[in-house]
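Reader: Before I rely on any label attached to this model, I would like to see the value behind the label and the criterion it was set against. Could we go through the labels in turn?

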Amino acid sequence: METHKEELLLLKDQLIANEKEFSACRRNAPTLTDVINHLGSEIQGLKHEIRALNKKIENLHNANPDGCRCRYCGSIKLKRIKGEPHKIFGDMGIVDTLFICLECKKESVITIDTLK
Ligand SMILES: [Zn+2]
């Protein structure tokens, strides 16, 4: 009988300790919610930044920094589609680059020396 009473007292102490811990957690919850919301908006900002940077990279990649001209209409408004090393001089930095003309929509392959 005495053992049961001791066990009950022990359980009561544990219950009180657990309740204290629970109310401490409950007090922290709003702060943690704020932190989560703050981190959420920070993540949104970073995603937006990543999208902008990816767009910038794509624009740089597709740009025509050498000022090449369309073989058909002479426009320099070209968009780079792809490039591959020149069959013979590829290892010397010569690249056959496929552009599409934004004026006449025709494609031009232009050989570019990327080491210049
Ligand atoms: Zn053109």
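Reader: How do you know that the span of helix α1 agrees with its 61 residues?

Author: This is a predicted model, and the check can be made from its coordinates alone. Helix α1 covers residues 2-62, and at 1.5 Å a residue its 61 residues should span 90 Å, while its end C-alpha atoms are 85 Å apart, so the two values agree. The helix nevertheless bends by about 35° at A29, and a proline, P30, follows within four residues.

Reader: What makes α1 count as hardly covered?

Author: A residue is called buried if 20 or more other C-beta atoms lie within 10 Å of its own, and among the 61 residues of α1 the count of buried residues is 0. Two residues of the helix illustrate how the count works. K5 is found in helix α1 and has 9 C-beta neighbours inside 10 Å, and since the limit for exposed is 12 or fewer, K5 counts as exposed. N54 also has its place in helix α1, and with 10 other C-beta atoms within 10 Å, N54 is exposed by that criterion. The C-alpha atoms of N54 and L39, 15 residues apart along the chain, are separated by 22 Å.

Reader: Why is the protein chain called more spread out than a compact globule?

Author: The chain has 1 helix and 3 strands, which run α-β-β-β from the N terminus on. Its radius of gyration is 34 Å, whereas the globule rule gives 13 Å for 116 residues, and because the value is well over that figure, the chain is described as more spread out than a compact globule. The C-alpha trace spans about 100 × 30 × 25 Å along its principal axes, and buried residues make up 4% of the 116 residues. As for a single pair, K5 and V95 are 90 residues apart in sequence and 88 Å apart in space, C-alpha to C-alpha.

Reader: Which domains does the assignment give, and how far apart do their centres lie?

Author: The domain assignment gives domain 1 as 1-62 and domain 2 as 64-113, and the C-alpha centres of domain 1 and domain 2 lie 54 Å apart. Of the contacts in the chain with a separation of 6 or more, 30% are accounted for by residues 24 or more positions apart.

Reader: What makes β1 and β2 a pair of strands?

Author: Two strands pair if at least two bridges are found between them; strand β1 (residues 78-85) and strand β2 (residues 94-101) have 7 bridges, so they pair, and they do so in the antiparallel sense. One of the partnerships joins E84 to D96 in β2.

Reader: How do you know that β2 pairs with β3?

Author: The reasoning is that of the preceding answer: β2 and strand β3 (residues 107-113) have 7 bridges against a requirement of at least two, so they pair, in the antiparallel sense. D96 stands opposite T111 in β3, while L98 stands opposite V109 in β3. The two strands, β2 and β3, form a hairpin with 5 residues between them.

Reader: What is notable about the backbone of K105, and why is K105 called exposed?

Author: K105 is found in the loop between β2 and β3, and it has a positive phi of about 70° although it is not a glycine. With 10 C-beta neighbours inside 10 Å, K105 falls within the limit of 12 or fewer, and therefore counts as exposed.

Reader: Why is I76 called partly exposed?

Author: I76 lies in the loop between α1 and β1. Its 14 C-beta neighbours inside 10 Å exceed the 12 allowed for exposed and do not reach the 20 needed for buried, so I76 counts as partly exposed. Leaving aside its neighbours within four places in sequence, I76 is in contact with N64, G67, C68 and R69. The C-alpha atoms of I76 and D66, 10 residues apart along the chain, are separated by 9.3 Å.

Notes
Residues are numbered from 1 along each chain as its sequence is written. This is a predicted model: local features need pLDDT of at least 70, side-chain atom pairs count only at pLDDT 80 or more; totals for chains, interfaces and linings use all residues. Domain bounds come from an automatic or database domain assignment. The radius of gyration is taken over C-alpha atoms; the globule rule is 2.2 Å times the number of residues to the power 0.38. Two residues are in contact if their C-beta atoms, placed from the backbone, lie within 7 Å. The expected span of a helix is 1.5 Å times one less than its number of residues. The bend at a residue is the angle between axes fitted to the seven residues ending there and the seven starting there.
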